[in-house]
Every structure is written in C-alpha cells, then in structure tokens.
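Trainee: I'd like to go through this model and ask how each label is earned. Can we start once it's on screen?

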Amino acid sequence: MIDLQDYDVLMGSDVVNDTMYIEVSGKQGYLLTVVRSDADGTMTLHSGESELPVELVEWAIAEARRRLAGRG
C-alpha cells in the first residue's frame, strides 16, 4: 500500500491543446500526468519514470476520472 502523503497532485488545464490534467510528483520530482482531452473525452497517461508503483498509477487514474470527468 502506498502512502499518498508522499505525493503531491497538481490539477491544471492547457488551453492550447484543449486538455485538463492532473500531475503527480514525489520526493524525486515529476512522476506522471493523466491528461483528459476536452475534444473527445479520452484520457492518456504520460510518465517520465520507467518504474512506478502500480498502486500509484491506479490511484492517479481513478483520481483523474473523479476530478476531470465531465469538465471542459
């Protein structure tokens, strides 16, 4: 089980690309971003890390769905 207190979440939007996102960082810096397209509602995951805890990825996807669903 991961300790979510070890991570920071930033929610933002990108007007140029017509997207909203959540970005997750940890003690070492940037870890991943989940991006939701306002044009078609698709979500993609971007990561700068080759190894991430599966629990963190699952949590980030669920959090993005919760925070970004129906916005835009």
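Mentor: Sure. It's a predicted model, and one cut-off comes up straight away: a residue is called exposed at over 50% relative accessible area, and buried at under 20%.

Trainee: Which residues of α1 get called exposed, then?

Mentor: Val 54, Glu 58, Arg 65 and Arg 66, on the face of α1 turned away from its buried side. The label exposed puts each of them over 50%.

Trainee: And which ones are buried in α1?

Mentor: Leu 56, Ala 60, Glu 63, Ala 64 and Leu 68. They cover an arc of only 105° around the axis, which places them on the same side of α1.

Trainee: What do those buried residues pack against?

Mentor: Against β1 (8-14), β2 (19-26), β3 (29-37) and β4 (43-47). The helix α1 lies across these four strands, at about 145° to β2.

Trainee: How do you know what span to expect for α1?

Mentor: Take 1.5 Å times one less than the number of residues. With 15 residues (54-68), the expected value is 21 Å, and α1 reaches 21 Å from its first C-alpha to its last, so the two are close.

Trainee: What makes β2 and β3 a pair?

Mentor: Pairing needs at least two bridges. β2 and β3 have eight, in the antiparallel sense, so they qualify. One of the partnerships is Ile 22 with Val 34 in β3.

Trainee: Why are β1 and β4 called edges?

Mentor: The open sheet runs β1-β2-β3-β4, with antiparallel pairing. β1 and β4 each have a single partner strand, so one side of each has no neighbour in the sheet. The twist averages 20° from one strand to the next.

Key: Residues are numbered from 1 along each chain as its sequence is written. This is a predicted model: local features need pLDDT of at least 70, side-chain atom pairs count only at pLDDT 80 or more; totals for chains, interfaces and linings use all residues. Side-chain values use heavy atoms; hydrogens and water are left out. Buried means under 20% relative accessible area, exposed over 50%, partly exposed in between (1.4 Å probe, protein chains only). The arc is that of the directions from the helix axis to the C-beta atoms. Contact means heavy atoms within 4.5 Å. Axes are lines fitted to C-alpha atoms, for helices over the stretch in contact, and angles run from 0 to 180 degrees between N-to-C directions.
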